[in-house]
Structures are given as C-alpha cells and as structure tokens.
Amino acid sequence: MAYPSELKYTEEHEWVKVDGDTVTVGITSYAAEELGDIVFVDMPGAGATVAKGDTFGTIESVKTVADLFAPVSGEIVAVNEALEDTPETVGEDPYGAGWIIKIKMSDPADLDALLSSEDYAAKL
Amino acid sequence: MASLSSGPVRPFEPTIASWRLLRSGAMTGPENMACDQAILEAAIAAVAEGSPPEVTLRLYAWEPPAVSLGYHQKAEDVDRDRLRRRGIEVVRRPTGGRAIFHARELTYAVVGPLSLFGRRVGVLESYRLLSAAILAGLEERLGVRAELSRGKAPKGPIDRSPVACFQRPAQCDAVAGGKKVVGSAQVRRGECFLQHGSIPLEPREMEEREALLGRDAPAIDSLGSLAEAAGRPIHWQEAAEALILGFTHTLGVNLVEGELCPREREVMESLLTKVTVR
C-alpha cells in the first residue's frame with residue numbers, strides 16, 4: 001500500500017498535511033482498512049485547544065471504537081462537519097474528503113517528531 | 001511457520017502466557033459495564049506506569065436483564081420509558097456497535113495490552129485471533145460449529161439503521177447455521193484493548209425484539225443461541241467452561257482464578273452512575 005509522500009504520519013496511523021502554520025489531520029488508508037466500515041466520528045468543536053498526544057475525539061466502526069490523537073499542539077480551527085452525516089467518507093477517501101480536523105499549530109517544532117511516508121510504511 | 005508440536009495450531013503466541021480469570025457470575029447492567037471499564041482503565045494505567053501488563057478474561061451474566069447501547073449510539077434508539085417500566089436498565093458500553101438485550105447469556109471480556117499479540121495487529125485481525133479461541137472452545141466442548149462472518153458492507157453509504165446488534169452479523173461475528181451466536185465489540189485506548197461479546201444461551205428473540213424494537217417490529221432473524229446451535233440446553237457454567245477450554249487449549253494460556261484489585265473496585269464504584277443511561 002502506498003502512502004502519499006507529501007504528507008507526514010504518526011504511529012497512531014494519522015496523516016498530517018502542513019499548510020503554513022495550519023495542519024490538516026486524517027487517518028491513513030491502513031487505519032481505515034483495519035477499522036472496517038466507519039459509522040461515527042466524534043470530534044470537538046472548532047476553537048478547542050489540544051496538546052500533542054492528547055485524545056481529541058473518537059472514531060467508531062461497526063466493530064470498534066478507537067481514539068483520535070492530536071499530532072501537534074494548537075487550536076482546532078476547522079472540523080469536517082460533513083462527516084456527521086457521511087462518516088463513511090473517512091474510509092472511502094481518507095486523504096481527501098475524509099479529512100477530520102485542521103489545527104493551527106502553537107509550536108511548529110511538533111512536526112519534527114512526525115514520520116515520512118517511507119518511515120510510516122516501514123513500521124507497518 | 002507450522003507448529004512442530006502435536007498440540008493445536010495456535011492462531012498466535014500470546015506474549016503473556018498467564019492470564020487472570022474472573023468468574024464474575026451475574027451482576028446488574030451498570031455493575032457489568034463499570035466492571036469491564038474499570039479493568040480497562042487499570043490496564044491502561046499499568047502500561048502507562050511501566051508495570052507488567054496483565055491480561056484478564058472475565059466471564060459474566062446479567063441479572064436482572066439489561067439493555068446495553070454502543071458507545072456512540074443514540075439513547076433515543078430505544079424506548080427508555082417502556083424499558084424502565086419493565087425494570088430493564090439501559091447502560092452504555094465503552095465499545096462500539098448496536099444495542100443488545102442481555103438475558104440468559106454468557107458474556108466474555110478480554111482486556112489487555114495490544115502488545116499481547118506480539119506484533120501490530122488491526123482490529124479485524126485481533127478479532128480473528130481471539131475469536132479462534134472462542135470458536136475452538138465452543139466446538140470442542142459443546143459441539144457447536146460456528147464460523148466468522150465475512151460479510152462486508154457494500155461500497156457507498158453505510159446502513160446505520162439497525163438498532164439491534166443481532167439484527168445483522170458484522171465482519172468477524174460468529175455465526176452458526178446462519179445465525180449469530182457471538183456478537184462482539186472492541187475498544188482500543190492507548191496501548192490497551194477491551195473486547196467483549198454476548199453469547200445467548202437460549203432463544204430470546206421475542207424478548208429482545210420487544211425490548212429493543214417493539215413488539216410489532218420484524219423478527220430479529222439473525223439472532224441465534226447456543227441451545228439452538230447445539231440442539232440441547234446449554235447452561236452458563238458449561239458455556240463458561242467451553243470458553244476457558246478454548247483459551248487454554250488454543251492459545252496455550254494459563255488461566256489463574258483471581259478477583260478485582262482494590263483500585264479496580266474503586267473505579268468500578270465510581271463509574272456505576274456514569275454508565276447508566278437515564
């Protein structure tokens with residue numbers, strides 16, 4: 001399975017797309033496949049602050065509930081509200097329409113700890 | 001690599017070979033859900049503190065019968081007023097999935113660190129690995145041949161309408177004779193997991209339909225039971241022994257009878273009202 005090389009990754013199977021001081025976060029195609037059919041994504045509202053490594057939400061598939069972790073510290077500036085009605089988008093288009101939140105980073109150095117696509121693939 | 005020993009081929013070699021066995025017997029709905037969650041929280045705390053991780057197999061029953069809802073399931077999915085009038089409590093599970101009416105069943109819970117599997121495993125794979133032990137036990141002890149459902153939802157919008165867990169077998173639910181006999185769900189938090197599952201001992205379709213969907217709803221066709229699958233009555237104790245046999249034989253683990261530790265009891269007490277859905 002190939003992972004987009006322009007993204008960064010976490011060991012918790014999330015991807016991070018950097019755009020200036022803001023990052024977009026979603027789950028990888030590996031995680032989506034492993035979770036099975038996704039039926040619910042529980043996210044905080046925009047404006048909440050998160051610390052790197054904290055749980056910011058949960059994702060539920062027909063078989064499990066798993067935590068979502070903040071890959072960086074900062075303020076949540078957007079959440080993908082479309083997932084309320086169509087959570088299955090996370091599984092169908094994990095790197096596109098299935099994005100979950102956008103975070104305005106408080107410390108860009110948090111990015112240093114993230115994995116490249118090769119390093120992420122090597123860990124699976 | 002194929003096993004050279006004469007024992008059963010193991011689905012995996014658990015990294016922890018001695019597990020705690022809790023035969024909790026019958027408890028109320030809030031007690032059962034608070035108990036499973038307390039064990040999970042203790043496991044998470046142990047891993048975070050760097051203590052040796054423990055694995056627990058808990059076997060239990062529900063008295064009086066109760067309804068459990070999946071973690072994200074809407075409380076309005078069931079008629080709580082009607083259930084309350086009938087003395088049926090509604091509780092929330094820490095795991096996903098749909099509603100279950102728990103009556104005359106064996107429920108199992110396995111709690112432990114994800115490192116138990118010895119490698120990184122996805123949700124569905126961990127279901128398969130743990131279910132292999134359960135299915136082997138059911139067959140060896142009770143003669144019930146069940147298999148894992150392979151059903152995967154078609155592409156496109158997911159049908160989120162089923163209210164009841166047993167309305168439809170999901171991937172990796174155990175099915176015998178086309179009917180679901182083990183309905184399982186899992187939660188992963190931090191480096192730990194909790195998987196629990198409901199195994200109906202005898203037919204309860206009418207009660208389950210009435211409790212979850214209403215008397216006039218269509219029958220829950222895919223709800224099975226061990227008694228139907230075995231063609232004879234199966235008591236809780238016998239089903240419990242089947243699971244114990246499955247885990248010890250198939251995974252080669254040593255189950256040591258134990259009890260909740262004081263910290264788990266304390267957490268359980270504190271969660272009793274939290275897990276109850278009003």
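Helices and strands here are DSSP runs, numbered from the N terminus. With that in hand, let's walk through this predicted model, starting at a loop. B:Asp173 sits in the loop between strand 7 (147-148) and strand 8 of chain B. Is B:Asp173 buried or exposed? Buried means under 20% relative accessible area, and B:Asp173 comes in at 2%, so it counts as buried. Its side chain reaches the backbone nitrogen of B:Ser184 at 3.3 Å. Leaving aside neighbours within four places in sequence, B:Asp173 also has contacts that include B:Arg168, B:Lys180 and, over in chain A, A:Lys63.

Now hop over to helix 6 of chain B, residues 236-251. At 1.5 Å a residue, its 16 residues should span 22 Å, and the end C-alpha atoms are indeed 22 Å apart, so the two agree. Among the buried residues of this helix are B:Ala239, B:Leu243 and B:Phe247. Right after the helix comes B:Gly252, with a positive phi near 70°.

Where does all this lead? To the largest nonpolar core, which has 44 residues. B:Phe247 is one of the members that touch the most others, along with residues including B:Trp19 and B:Leu138. Several elements give two or more residues to this core, among them strand 1 (18-27), helix 3 (123-142) and helix 6 of chain B. Helix 6 of chain B gives the most, with eight residues.

Zoom in on B:Leu138: not counting residues up to four places away in sequence, it touches B:Leu226, B:Ala242 and B:Leu243, among others. Apart from this core lies another one, of 32 residues, including A:Val25 and A:Ile59.

How values were computed
Residues are numbered from 1 along each chain as its sequence is written. Chains are lettered from A and ligands numbered from 1 in the order in which they are written. This is a predicted model: local features need pLDDT of at least 70, side-chain atom pairs count only at pLDDT 80 or more; totals for chains, interfaces and linings use all residues. Side-chain values use heavy atoms; hydrogens and water are left out. Helices (H or I, at least four residues) and strands (E, at least two) are DSSP runs, numbered from the N terminus. The expected span of a helix is 1.5 Å times one less than its number of residues. Buried means under 20% relative accessible area, exposed over 50%, partly exposed in between (1.4 Å probe, protein chains only). A nonpolar core is a set of buried Ala, Val, Leu, Ile, Met, Phe, Trp, Tyr and Cys residues joined through side-chain atoms within 4.5 Å. Contact means heavy atoms within 4.5 Å. A polar contact is a pair of N or O atoms within 3.5 Å; within protein, one must be able to donate a hydrogen and the other to accept it, and residues adjacent in sequence count only if both atoms are side-chain atoms.
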